[in-house]
Amino acid sequence: MANGVGFVKSGFKDRADAIEELALRSEGFRDLCVDFEIANNEEVRWQQSTAPERDERLAEYRELIDSMRTEIEQTLDRAAVVPFKQPRR
């Protein structure tokens, strides 16, 4: 699986199987995983920066990461819901 998916699996170890399964089915979810990894890498890069805008960029990336983490969790929750089918009569 793409390294974005692996990165997300490492951060959500208890849901690794669900992440793998969803990533196999959804290009959009795979893209979200890649974006999440990129945002985390950028946060690390800004932590090491001495640029004057460091604190502002860190705050932006932390907000983005929190939002993406929530989106990943919600996407996994929605994917785990099995629709109820009424019995045929």
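**Close-up views of a four-helix model**

**View 1. Residue E43 in its helix.** E43 is found in helix α3. The model shown here and in the other views is predicted. The relative accessible area of E43 is 14%, and E43 is therefore classed as buried, since a residue counts as buried when this value is under 20%. If residues up to four places away in sequence are set aside, E43 is in contact with L58, Y61, R62 and I65.

**View 2. The whole chain.** The protein contains four helices and zero strands, and its pattern along the sequence reads α-α-α-α. Of its 89 residues, 27% are buried. Among contacts with a separation of 6 or more, 58% join residues that are 24 or more positions apart. The accessible surface amounts to about 6500 Å², and carbon and sulfur atoms contribute 48% of that area.

**View 3. The largest nonpolar core.** This core has 15 residues, and the members that touch the most other members are V8, F12, I19, F29, F36, I72 and L76. At least two residues of the core come from each of α1 (3-11), α2 (16-25), α3 (27-47) and α4 (54-80). The greatest contribution is that of α3, which gives five residues. One of the core residues named above, F12, touches I19, F36, R69, I72 and E73, when residues up to four places away in sequence are not counted.

**View 4. The buried side of helix α1.** Which residues of α1 are buried? They are G4, V5 and V8. These residues lie on the same side of α1 because they cover an arc of only 100° around the axis. An α-helix has 3.6 residues a turn, so residues three or four places apart point the same way. The packing partners of the buried residues of α1 are α2, α3 and α4.

**View 5. Helix α3 along its length.** Helix α3 is made up of 21 residues. From its first C-alpha to its last it reaches 30 Å, close to the 30 Å expected at 1.5 Å a residue. Its buried residues are F29, L32, C33, F36, E37, A39, N40, E43 and W46. Against which helices do the buried residues of α3 pack? They pack against α1, α2 and α4.

**View 6. Residue N40 and its surroundings.** N40 is placed in helix α3. Is N40 buried or exposed? Its relative accessibility is 13%, so N40 counts as buried. A polar atom of the N40 side chain lies 2.8 Å from the backbone oxygen of F36. Leaving out residues up to four places away in sequence, N40 touches F7 and I65. The residue I65 is also among those touched by E43.

**View 7. Residue R45 in helix α3.** Helix α3 also holds R45. The relative accessible area of R45 is 46%, and R45 is therefore partly exposed, a class that lies between the limits of 20% and 50%. How far apart are the C-alpha atoms of R45 and L58? They are separated by 9.2 Å, and the two residues are 13 residues apart along the chain. L58 also appears in the first view, as one of the residues that E43 touches.

Note on methods: Residues are numbered from 1 along each chain as its sequence is written. This is a predicted model: local features need pLDDT of at least 70, side-chain atom pairs count only at pLDDT 80 or more; totals for chains, interfaces and linings use all residues. Side-chain values use heavy atoms; hydrogens and water are left out. Buried means under 20% relative accessible area, exposed over 50%, partly exposed in between (1.4 Å probe, protein chains only). Contact means heavy atoms within 4.5 Å. Accessible areas come from the Shrake-Rupley method with a 1.4 Å probe; for residues, only the protein chains shown count as cover. A nonpolar core is a set of buried Ala, Val, Leu, Ile, Met, Phe, Trp, Tyr and Cys residues joined through side-chain atoms within 4.5 Å. The arc is that of the directions from the helix axis to the C-beta atoms. A polar contact is a pair of N or O atoms within 3.5 Å; within protein, one must be able to donate a hydrogen and the other to accept it, and residues adjacent in sequence count only if both atoms are side-chain atoms. The expected span of a helix is 1.5 Å times one less than its number of residues.
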